[in-house]
Amino acid sequence: MALRLTPVLLSFVLLAAHFSRHAVPFVPYLCLAIPLLLLVRKTWVPRLLQVLLAVGALEWLRTAFVLAGRRVDAGEPWIRMAVILGVVALLTAGSVALLQSDRVRQRYVDR
């Protein structure tokens, strides 16, 4: 189970680093604390994390488009940056799918 949830943890750590770099107060700490909810075995936990990770994937795509636009305007290379942020967005979106697996659903059943 720990191996299955590693991409989820990595996704939240990357989001914390992203928000920390952009000086958004308290959000990096929230991103680091949210995975602690995985210790609560309730059915709403994976659903909440899926929603937050989906929003995170959209944030990575938004950031990629904004930064690519800035780099194009400045005449700087942008493709490598877009690929890297696209892969991070895919990792974050893939984490949403991992939380949908049968093994995860079995773990988070209300008792």
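The legends below accompany close-up views of a predicted model of one protein chain.

**View 1. The whole protein chain, built from 5 helices and 0 strands.** From the N terminus on, the elements follow the order α-α-α-α-α, and the C-alpha trace spans about 55 × 30 × 20 Å along its principal axes. Of the 111 residues in the chain, 32% are buried. When contacts between residues at least 6 apart in sequence are considered, 70% of them join residues at least 24 apart.

**View 2. The surface and charges of the protein chain.** The chain exposes about 7100 Å², and carbon and sulfur atoms supply 70% of this area. The chain carries 13 positive and 5 negative charges, and the mean positions of these two sets lie 10 Å apart.

**View 3. Helix 1 (residues 2-21) and its buried residues.** The end C-alpha atoms of helix 1 are 28 Å apart, which agrees with the 28 Å that its 20 residues should span at 1.5 Å a residue. The buried residues of this helix are L5, V8, S11, F12, L15, A16, H18 and F19. As background to the spacing in this list, an α-helix has 3.6 residues a turn, so residues three or four places apart point the same way. The cover over the buried residues of helix 1 includes helix 2 (27-33), helix 3 (44-74), helix 4 (79-98) and helix 5 (102-107). Helix 1 is followed by A23, which has a positive phi, near 55 degrees.

**View 4. Helix 3 (44-74) and the helices packed against it.** For the 31 residues of helix 3, a rise of 1.5 Å a residue predicts a span of 45 Å, and the end C-alpha atoms are indeed 45 Å apart. Buried in this helix are V45, P46, L49, Q50, L53, G56, A57, E59, W60, T63, A64 and A68, and these buried residues pack against helix 1, helix 4 and helix 5. Just after helix 3 comes G75, whose phi is positive, at about 75 degrees.

**View 5. The surroundings of T63 in helix 3.** T63 has a relative accessible area of 7% and therefore counts as buried, the cut-off being under 20%. Once neighbours within four places in sequence are left aside, T63 is in contact with H18 and L85. The side chains of T63 and H18 are joined by a polar contact of 3.5 Å. H18 is itself one of the buried residues of helix 1, and L85 falls within the range of helix 4 (79-98).

How values were computed:
Residues numbered from 1 in each chain as written. Predicted model: local features only at pLDDT ≥ 70, side-chain atom pairs only at ≥ 80, totals over all residues. Heavy atoms only, no water. Helix = DSSP H or I, 4+ residues; strand = E, 2+ residues; numbered from the N terminus. Expected span 1.5 Å × (residues − 1). Buried < 20%, exposed > 50% of the residue type's maximum accessible area, 1.4 Å probe, protein only. Contact = heavy atoms within 4.5 Å. Polar contact = N/O pair within 3.5 Å; in protein donor to acceptor, adjacent residues only side chain to side chain. Areas by Shrake-Rupley, 256 points an atom, 1.4 Å probe, with all protein chains shown as cover. Lys, Arg positive; Asp, Glu negative; His and termini not counted. Charge placed at Lys NZ, Arg CZ, Asp CG, Glu CD.
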